[in-house]
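Please look through the structure shown below before reading on. The report that follows treats a strand and its partners, and then some charged side chains.

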Amino acid sequence: MTDVAKFRPERRGRRLRRTEPIRRMFSETRLHPDMFVAPVFAVEGNGRSEEVDGMPGVSRYSVDRLPSYFERLVGAGVRSVLLFGVPGSKDERGTGAYAPDGIVPRAISSIRRSFPELVVMADVCLCEYTSHGHCGVLSGEQVDNDETLPLLSRAAVEYARAGADVVAPSAMMDGQVHAIRRALDEAGLDDTVVMGYSAKHASAFYGPFRNAAGSAPSFGDRRGYQMQPGNRREALREVEEDVKEGADIVMVKPALAYLDVISEARRRFGVPLAAYNVSGEYSMLKAAALNGWLDEKSAALEVLTAIRRAGADLIITYFAEQAAGWVKEGR
Ligand code: PB1
């Protein structure tokens, strides 16, 4: 057999991968439960806790069932929730979204005193409340941007008055952050944080959420207000606009298919950056895990690590409860 001189590489990158303790020392991207935000669906009625079709492990809860669920979240180490209301009735102007006794103000009021340690965020949009399923009021077949702004502002004020620490406008209306900030300040709610859904793309990955919230548009789509998936420069302009309008936190959504946008937003802007690991990103991983094609914990932690590595400070994720437990285990 040919005698081949032994080659001894000078650089041995594997030295820093040899053992688990060495690998932990040089881990460049770390997750912490404090960075996870758990989306929560609050529904009308009593005694309701219903798993969402297409989102194994995610349920919709009536207000009376929220405290026990929040006990579970806090016990797992989750410190922040993002509330979505699923009203009992809908109408053309989405009046349930800004009703003082609406599902979200009632949900917030019911848990605020019991969970002072939780950061309570409330999504601000009309789509769950409108009979047509669009994120604003219609003028013909178009969402009327400027007619929608005062309604979003009213909703944000109601949620803040009920005790929300953060209001999060997700309607993708131009000027929504400015309008809501001004309304909050005029109502004396200067301390309420505004988290803008700044760069929100018209994604195919929202399907399971729309099923959970009954918020799919009854006609057309959201491409007249959410951005097309391929537009990164436009996304950065939207983030910049939200910063100018006074957003305390900006966001890129979805996350997994938009890591480049997250990374560029992190590079350009100093404000806290959230990324929304949306329903479809959750469901596809869950489906693969349930079929035995992927290991759920490893794949989910890899996805969350990627979103964190791209630069997100906060990750809104349906894996929040599980991931908080996994991260604590791994410490
Ligand atoms: O998890 C998800 O898919 C989030 C969906 C998101 C919630 N903010 C919306 C997407 C949509 O239906 O366009 C709701 C928009 N207000």
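## Strand β13 and its surroundings

In this predicted model, residue V37 has I316 as its bridge partner in β13. That contact belongs to the pairing of strand β1 (residues 36-43) with β13, which is parallel and rests on two bridges. Strand β13 is also joined to strand β12 (residues 273-277), again in the parallel sense, and here there are four bridges; in this pairing, Y276 stands opposite I316.

Strand β13 covers residues 314-317, and its side chains are divided between two directions, with L314 and I316 pointing one way and I315 and T317 pointing the other way, while all of them are buried. This fits a general pattern, since in a regular strand the side chains alternate between the two faces of the sheet.

## Salt bridges

Side chains of opposite charge can pair when their charged atoms come close. The model has 15 salt bridges, and the table lists some of them.

| Residue | Partner | Closest N to O distance |
|---|---|---|
| E50 | R48 | 2.5 Å |
| R267 | E264 | 2.7 Å |
| R266 | D313 | 2.6 Å |

The pair of R266 and D313 links distant parts of the chain, because R266 lies in helix α8 whereas D313 lies in the loop between α10 (296-310) and β13, 47 residues away. Both residues are partly exposed, since R266 has a relative accessible area of 25% and D313 has one of 30%.

R267 and E264, by contrast, both belong to helix α8 (residues 259-268), and because they are three residues apart there, about one helical turn separates them. R267 counts as exposed because its relative accessible area is 62%, whereas E264 counts as buried because its value is 15%.

The bridge between E50 and R48 is part of a network of salt bridges that links R48, E50 and R60. E50 is partly exposed because its relative accessible area is 24%, and R48 is partly exposed as well, at 27%.

## A positive patch and a buried helix residue

Which residues form a positive surface patch? The patch consists of K6, R8, R11, R12, R14, R15 and R17. Of these, R8 is placed in the segment before α1 (20-25), and R8 counts as exposed because its relative accessibility is 61%.

Helix α4 (residues 145-162) contains Y159, which counts as buried because its relative accessibility is 0%. The C-alpha atoms of Y159 and R106 are separated by 9.1 Å, although these residues are 53 residues apart along the chain. N145 also lies in helix α4, and N145 counts as buried because its relative accessibility is 18%.

Notes. Residues are numbered from 1 along each chain as its sequence is written. This is a predicted model: local features need pLDDT of at least 70, side-chain atom pairs count only at pLDDT 80 or more; totals for chains, interfaces and linings use all residues. Side-chain values use heavy atoms; hydrogens and water are left out. Patches are made of residues with over 30% relative accessible area and no salt bridge: like charges are joined within 9 Å, nonpolar side chains (Val, Leu, Ile, Met, Phe, Trp, Tyr) within 5 Å. Accessible areas come from the Shrake-Rupley method with a 1.4 Å probe; for residues, only the protein chains shown count as cover. A salt bridge is a side-chain nitrogen of Lys or Arg within 4 Å of a carboxyl oxygen of Asp or Glu. Lys and Arg count as positive and Asp and Glu as negative; His and the chain ends are not counted. The place of a charge is taken as NZ of Lys, CZ of Arg, CG of Asp or CD of Glu. Buried means under 20% relative accessible area, exposed over 50%, partly exposed in between (1.4 Å probe, protein chains only). Two strands pair if DSSP finds at least two bridges between them.
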